[in-house]
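Reader: I would like a close look at one part of this model, followed outward to whatever it borders. Please take it slowly, and explain each term where it first comes up.

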Amino acid sequence: MELTNDIMHPKVALTKNTELISGTHILYLYSNWDKYWDNILSFVTAGLKLQHQVILLESSDMLAEMRKRLFIRGFGQEQIESIVFVDHRLFYGAHQSFDMETVLKTLKNSIQHYVEKGLPTRVWSHVFWHKDACCEKELKLYEQKADAILKPLNAFTVCSYNADEISASLSMGLMKGHSHVMTDDELAASMYYKSELKTPSLFIEDRLQEKVRHYKHLINEMPDAVFFVSDYQIVYGNHAAAKMLKCETGDLSNVSAWTIFCEEYHDVIRQRVKKLQLKEKLSLVEMKMKTYEGDILDVEIGVFPFSLDIEKDSTAILIIRSIQERKAHQQLTIKTEKLSLAGQLAASIAHEVRNPLTSIKGFIKLAREDVMQDAYYTIIEEEIDRIETIASELLVLGKPMSVEVDVCDVGKMLRDVCILLQSQAVMRKIDIQFHSAEPGCFIRCNAGQVKQVFINIIKNATEAMEDGGIIRASVRPDGETVQVIIEDEGKGMPEHILQKLGEPFYSTKEDGTGLGLMVCFNIVEQYGGTIRIESIVDEGTVFTIQLPAESS
Ligand code: ADP
Ligand code: MG
């Protein structure tokens, strides 16, 4: 049967509009009675022809008139009787009171009945309400709730209201409960349609689940290894994590953190977990991890609490990056630097040694020509001494660390050096005072090398005090280190000299070698220690040497 012949207002086109799918809820604000009739007839005839279940909620007069008009249009008795005619006064009960819950329940039950039979259902409902029985607010709420019921039932519903009887506020409120709005000649999507009330909670859950899936996917595909760890147990590891640890199954859940981190870092891990519980921010840390194949990996780890309340939920997120390449690069840089330093040093040594050699060569030439004076021999001796000094200072540098390393008492070594140098110092009116805060500060070292450090620094101090004074040398434990402080009252150093300290052959003295401090830095560095220098011109200098302590 042709549909179009019977559709009076194709613009409203309740049958043709493709965006109108089943489950559409249309608010019809009518003003012209004739057009109202055209539209309702169009709705009903199209429904009958499409073999939809048609439900009409209208006044009893309208229902009778509808029967007549359908009959005139050629619909058979059987077809007409297939329509469910409901008196809207009875349905909405508005002549007594508007009982929203009952109306909603009836609406749902009556439509559900047909929907369950598998019939596409279309409902035309001329909403009957009376201002005395039902306030506008109630009506708005009713339509929103009805929308929530109709949507899952996939019913195609038109709710008609007399536009003249409705305030602007009510029509806006009604638009919130309908996906579409229709006038006598127009049909459009409702721009005020809101889904707050009609969204069943299950739907929100679905969206949450979808978000969770989305984030999981994102984390899984991240290039850095991501672990979720709870109570030292991995609960989740992403793709990159499994790849990094060479885990073939890809499943890292239930693996203990203790098995993937090398043992020497277990204490560090415990400390960091404690810090995390105290809500302290953790910096990146370098550690070593073990892969499933037993290789050791250098990694950098960032840790973040997963829950805001870390006391209740101890889950943390670890983001781990392999620093294997960076480490290799660092090693190479250090090696290159060492080589270039060796090159620099060789050039400086050649320069330093060539000067005395040139003068010695000159004197030998004089001796050959028999014009040598006795005084020249003294100069030759001095020049040879200088070469010897340079050679012996350099020897300390070249000595391998492995020789005679023992646990040594720092206080004893420093006191020995002070006594040794005291006799020379007295001649310069200098008093070297030794002080030890606590007996028994031990370090693991070669005593000769560490004494050399003290000698070089105290010698420099005496050379800096032309007018005499006091040099204070003291030892004290400082955490896991031993601290040696050597303080003088000498001329001090300006910034430009301080910056050059430790450079080979940098000296401000006429007969200086400029090797003493370089030797000191080198030795202390070998033992994992540091030297700090503070100096004030014309007041004095403080050398602070820090070396790792050895419990004995
Ligand atoms: P040298 O003693 O042969 O000059 P060093 O390496 O021992 O070489 O010292 C380098 C330079 O550092 C010295 O020439 C001097 O200028 C400066 N210096 C070192 N220690 C002190 C100090 N205690 N007071 C002032 N200057 C110092
Ligand atoms: Mg010196």
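Author: Asp 538 is exposed, with a relative accessible area of 65%, where exposed means over 50%, buried under 20% and partly exposed in between, taken with a 1.4 Å probe on protein chains only. Asp 538 sits in the loop that lies between strand 18 and strand 19, and its phi is near 70°, which is a positive value in a residue other than glycine. Strands here are DSSP runs of E with at least two residues, and helices are runs of H or I with at least four, both numbered from the N terminus.

Since this is a predicted model, local features need pLDDT of at least 70 and side-chain atom pairs count only at pLDDT 80 or more, whereas totals for chains, interfaces and linings use all residues. Residues are numbered from 1 along each chain as its sequence is written, chains are lettered from A and ligands numbered from 1 in the order in which they are written, and side-chain values use heavy atoms, with hydrogens and water left out.

The two strands that flank this loop belong to an open sheet of five strands, ordered 14-16-17-19-18, with mixed pairing; two strands count as paired if DSSP finds at least two bridges between them. Strand 14 and strand 18 (530-536) are at the edges with a single partner strand each, so one side of each is left without a neighbour in the sheet. From one strand to the next the twist averages 15°, where axes are lines fitted to C-alpha atoms (for helices over the stretch in contact) and angles run from 0 to 180 degrees between N-to-C directions. Further into the order, strand 16 and strand 17 run antiparallel and are joined by seven bridges, and within that pair Ser 474 has Ile 485 of strand 17 as its bridge partner.

Helix 17 packs on this sheet, touching strand 18 and strand 19, and its direction makes about 140° with that of strand 18; contact means heavy atoms within 4.5 Å. Another helix meets helix 17 as well: the axes of helix 15 (residues 447-464) and helix 17 (residues 516-526) come within 9 Å and cross at roughly 145°. The crossing is left-handed, a word used if the near helix is turned anticlockwise from the far one by less than a right angle, right-handed being the clockwise case. On the side of helix 15 the contact is made by Gln 449, Gln 452, Val 453, Asn 456, Ile 457 and Asn 460, and on the side of helix 17 by Gly 516, Leu 517, Val 519, Cys 520, Ile 523 and Val 524. By class, these are seven nonpolar, five polar and no charged residues, with Ala, Val, Leu, Ile, Met, Phe, Trp, Tyr, Cys and Pro counted as nonpolar, Asp, Glu, Lys and Arg as charged, and the others, Gly among them, as polar.

In soluble globular proteins, nonpolar side chains tend to be buried together. The largest nonpolar core here has 40 residues, of which Leu 414, Phe 454, Ile 458, Ile 486 and Ile 545 touch the most other members; such a core is a set of buried Ala, Val, Leu, Ile, Met, Phe, Trp, Tyr and Cys residues joined through side-chain atoms within 4.5 Å. Among the elements that each supply at least two of its residues are helix 14 (410-427), helix 15, helix 17 and strand 19 (540-548). Leaving aside residues up to four places away in sequence, Ile 545 touches Val 453, Phe 454, Ile 457, Val 482, Gln 483, Val 484, Ile 486, Val 524, Thr 530 and Ile 531. Another core, of 31 residues, lies apart from this one and includes Phe 91 and Leu 104.

Asp 538 can be set beside Asp 231, which lies in the loop between strand 8 and strand 9 (233-237). Asp 231 is also a residue other than glycine with a positive phi, near 50°, and it is exposed, with a relative accessible area of 58%. Strand 8 (residues 225-230) pairs in the antiparallel sense with strand 12 (residues 316-322) over five bridges, and there Val 226 stands opposite Ile 319.

For the wider setting, the chain has 17 helices and 19 strands, and buried residues make up 41% of its 552 residues.
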